[in-house]
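User: Hi! I have this structure open and would like a guided look around. Could you take me through it?

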Amino acid sequence: RPAPMSVSLVGLLNTVSPRPSGTRRLASALRYGPQDKQLLDLYGPTAPGPHPLVVFYYGGAWTEIGDRSDFGFAARALAALGYLVAVPDYRVLPEVAYPAFLDDCALAVHWLLDKVSAYGGDPSRVALGGHSAGAYNAVMLSLDPRYDLRGKLKAVAGLSGPYDFYPFTEAIGRRTFGHVPNGPATQPIAHVTAEAPPMFLGHGNRDTLVGPHNPESLSKRLHAVGVPAEVHHYPSLGHAGPVMELGSLIRGRSTLLA
């Protein structure tokens, strides 16, 4: 299981990465819901807004190996480009089961839509992003009508994300989704409609955890209903590589940030 090592490497990168000039952490541990993990951090440019908002979900195989505090480097990289960036924590296994982690992620977005203006954000310009399990979360929120976000998002960016992995042949899929009576309904590709937002899907060719067919399957469904989708494959990157490209110390192995 490479995911725990990937997350620890990301945490180390966050610790040693220089902070880009012109960015700041605007708020820490803002409560978007009543549960202990329903907290988020906000980063943004030092220049006054309103700025477009990106909500970034970290990965970690939907288990307790991810934490919002490890992804300040990713938020600051996007803040340096002019975005207000929210990084939420959300409940994961074994505390909760599917779909509770998606419910938390959606609750964070709706809280931000109501509150972000007070922090210099523009609620009319909102995108979701994420890495690995976080990319799944972001894409599912944008597609599944249960989360009431259709028409409220301008774009989604998924890095190393699983979007088409039924039947559940891998341990992570069986553990996380095997109890769901309607397994195909857990798949992002099952919810694609013409109302979907445009998507950017980045994937490393050396990813041995999430197969490269995932972004291809999703983009094919999106294109079939007329939704713009860009798939970018990065030959030198593995599973953690796309999110680590946002760290200034090792950036430059690909064109991903651009």
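**A walk through the model**

Analyst: Happy to! Keep in mind that this is a predicted model. Let's begin with a proline: Pro 99 lies in the loop between β4 and α3.

User: Which residue is joined to Pro 99 there by a cis peptide bond?

Analyst: That is Tyr 98, and omega of this cis bond is about 10 degrees. The loop between β4 (84-88) and α3 also holds Pro 94. A cis peptide bond links Pro 94 to Leu 93, with omega at about 5 degrees.

User: Nice. On to the strands: how do β5 and β6 pair, parallel or antiparallel?

Analyst: Parallel. Strand β5, residues 121-131, and strand β6, residues 155-159, share 5 bridges. On the way from β5 to β6, the chain passes through helix α4 (residues 133-143), and this β-α-β crossover is right-handed.

User: Can you give me a residue pair to look at?

Analyst: Try Gly 129, whose bridge partner in β6 is Ala 157. Ala 157 also stands opposite Phe 200 in β7.

User: And how many bridges join β6 to β7?

Analyst: There are 4, and β6 runs parallel to β7, which spans residues 199-204. With helix α5 (residues 171-177), these two strands make a right-handed β-α-β unit.

User: Switching to helices. What's the span of α6, end to end?

Analyst: Helix α6 covers residues 213-224, 12 residues in total, and its first and last C-alpha atoms are 16 Å apart. That is close to the 16 Å expected at 1.5 Å a residue.

User: Which of its residues are buried?

Analyst: In α6 the buried ones are Asn 214, Pro 215, Leu 218, Ser 219 and Leu 222. They sit on the same side of α6, because they cover an arc of only 115 degrees around the axis.

User: What do they pack against?

Analyst: The buried residues of α6 pack against α4, β7 and β8 (229-234). On the other side of the helix, Lys 220 and Ala 224 are exposed. Just after α6 comes Gly 226, with a positive phi of about 85 degrees.

User: Which residues touch the most other members of the largest nonpolar core?

Analyst: Leu 218 of α6 is one of them, along with Leu 40, Trp 62, Phe 101, Leu 128, Tyr 136 and Leu 141. This core has 78 residues. Helix α3 (residues 100-115) gives the largest share, 9 residues. As background, nonpolar side chains tend to be buried together in soluble globular proteins.

User: Let me zoom in on Leu 141. What is in contact with it, leaving aside neighbours within four places in sequence?

Analyst: The contacts of Leu 141 are Tyr 57, Leu 102, Cys 105, Ala 106, Val 109, Leu 128, Tyr 147 and Leu 149.

User: Back to backbone oddities. Which residue in β1 has a positive phi although it is not a glycine?

Analyst: Ala 29, with phi of about 60 degrees. It is found in strand β1, residues 23-31.

User: And where is Ala 61?

Analyst: Ala 61 lies in the loop between β3 (51-57) and α2 (72-79). Its phi is also positive, near 60 degrees.

User: Are those two alanines buried or exposed?

Analyst: Ala 61 has a relative accessible area of 5%, so it is buried. Ala 29 counts as partly exposed, because its relative accessibility is 35%.

Methods. Residues numbered from 1 in each chain as written. Predicted model: local features only at pLDDT ≥ 70, side-chain atom pairs only at ≥ 80, totals over all residues. Heavy atoms only, no water. Pairing = 2+ DSSP bridges. Right-handed = clockwise from strand over helix to strand, strands pointing away. Expected span 1.5 Å × (residues − 1). Buried < 20%, exposed > 50% of the residue type's maximum accessible area, 1.4 Å probe, protein only. Arc of directions from axis to C-beta. Contact = heavy atoms within 4.5 Å. Core = buried A, V, L, I, M, F, W, Y, C linked by side-chain atoms within 4.5 Å.
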